[in-house]
Amino acid sequence: MLSQKRGAMGYIALFLIFCLIFTALIGGFAWLGTSLSSQREKVPAEDASAAARPIIVIDAGHGGEDGGASGEDGTKEKDLNLLVAQALSDILTAVGYDVRMTRTNDCLLYDLYGDLTDYTGHKKTYDLRNRLRFTKEAGADLLISIHMNKFPQPQYSGLQVYYSTGAPESRTVAGVIRNYTRQYLQPQNEREIKAATSSIYLLHRCDIPAVMVECGFLSNEEELSRLKNETYRRQLALVVACAAAESLSGVKQ
């Protein structure tokens, strides 16, 4: 099924890569983000070619009462995760992918399926279970989980990607994201991709291509400032979108 989808979507990967290179050369991503965001309402939920479109699940980590990490100024990870996830969804949806988001607002997902009447003491467990269940029920071809990083020492910065060991393609996707990040967004980034351990519940239990993108360090003042900037978030989302498109279509650099 996925091999059939790849051929049909190859032109999308080429288009996204062209957009990335072109906008990088002219130094302006804002127009692209604005244009793609405006397309959200124009893309039909169902059409004749829906079966041929790869399904991408985008997971904005944390949410609701779980704020995740936070910056010195009080910026919460959950909010930045959602903003980046929405930007990524806009781009991939606008060029034809079937995108599903685990959350589109500020909430946890522990009660998504109504399994219990009282979630006291079980919220985090069921939140993670339901993100995995959502991904499986969507029939996803790729999962991209968006998170932020934090460290006690403020000098550390840079995007880093973790990949699931449940599907060999995951490492390939992570590598393409890393390469595009270095080429177009963070030339000095020396961070290597890493295999997810059991501490990363979603990736450890996922049996489809899946990555977690740690978009930057909230503990680094300069990087936090960039992550709070809408244009930078669009740049970041476009880099990840291009990597996803290349990985799903088999297009090579």
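**Notes on helix packing and the sheet**

1. Let's start with a helix pair. Helix α5 (residues 169-184) packs against helix α8 (residues 230-249) at an angle of about 140°, and their axes lie 9 Å apart. That angle makes α5 oblique to α8, and the crossing is right-handed. Please keep in mind throughout that this is a predicted model.

2. Which residues make this contact? On the α5 side they are Val173, Val176, Ile177, Tyr180, Thr181 and Tyr184, and on the α8 side Val239, Val240, Cys242, Ala243, Glu246 and Ser247. By class, the contact of α5 with α8 comprises nine nonpolar residues, two polar and one charged.

3. Helix α8 has another helix to look at. The axes of helix α3 (residues 77-94) and α8 come within 9 Å, crossing at roughly 55°. With that angle, α3 is oblique to α8; α3 passes α8 in a right-handed crossing.

4. For the α3 contact, α3 supplies Leu80, Leu83, Val84, Ala87, Leu88, Ile91 and Leu92, while α8 supplies Arg233, Arg234, Leu236, Ala237, Leu238, Val240 and Ala241. The contact of α3 with α8 divides into 12 nonpolar and two charged residues, with no polar ones. You will meet Val240 of α8 in the α5 contact and again in the α3 contact.

5. Now for the sheet. Six strands form an open sheet with mixed pairing, in the order β2-β1-β3-β6-β4-β5. Why do β2 (98-101) and β5 (194-195) each have one side without a neighbour in the sheet? They stand at the edges and each has a single partner strand, so one side of each is left free of a neighbour there.

6. Within this sheet, strand β1 (residues 55-60) and strand β3 (residues 142-149) run parallel and are joined by five bridges. Isoleucine 58 stands opposite isoleucine 144 in β3. Helix α4 (residues 123-137) packs on the sheet, where α4 touches β1, β2 and β3, and its direction makes about 165° with that of β1.

7. Helix α8 also meets the sheet: α8 lies across β1, β3 and β6 (210-217) and runs at about 150° to β3. So far, then, α8 has appeared with α5, with α3 and with these strands.

8. A friendly word on confidence before you use the coordinates. The protein averages a pLDDT of 86, and 78% of the residues score at least 70. Over residues 22-43, however, the pLDDT is below 50, and this stretch has 28 contacts in the model beyond near neighbours in sequence. Where pLDDT is low, the predicted coordinates should not be read in detail.

Conventions: Residues numbered from 1 in each chain as written. Predicted model: local features only at pLDDT ≥ 70, side-chain atom pairs only at ≥ 80, totals over all residues. Heavy atoms only, no water. Axes fitted to C-alpha atoms, helices over the stretch in contact; angles between N-to-C directions. Helix = DSSP H or I, 4+ residues; strand = E, 2+ residues; numbered from the N terminus. Parallel < 35°, antiparallel > 145°, perpendicular 65-115°, else oblique. Left-handed = near helix turned anticlockwise from the far one by under 90°. Contact = heavy atoms within 4.5 Å. Nonpolar A, V, L, I, M, F, W, Y, C, P; charged D, E, K, R; others polar. pLDDT = per-residue confidence, 0-100. Pairing = 2+ DSSP bridges.
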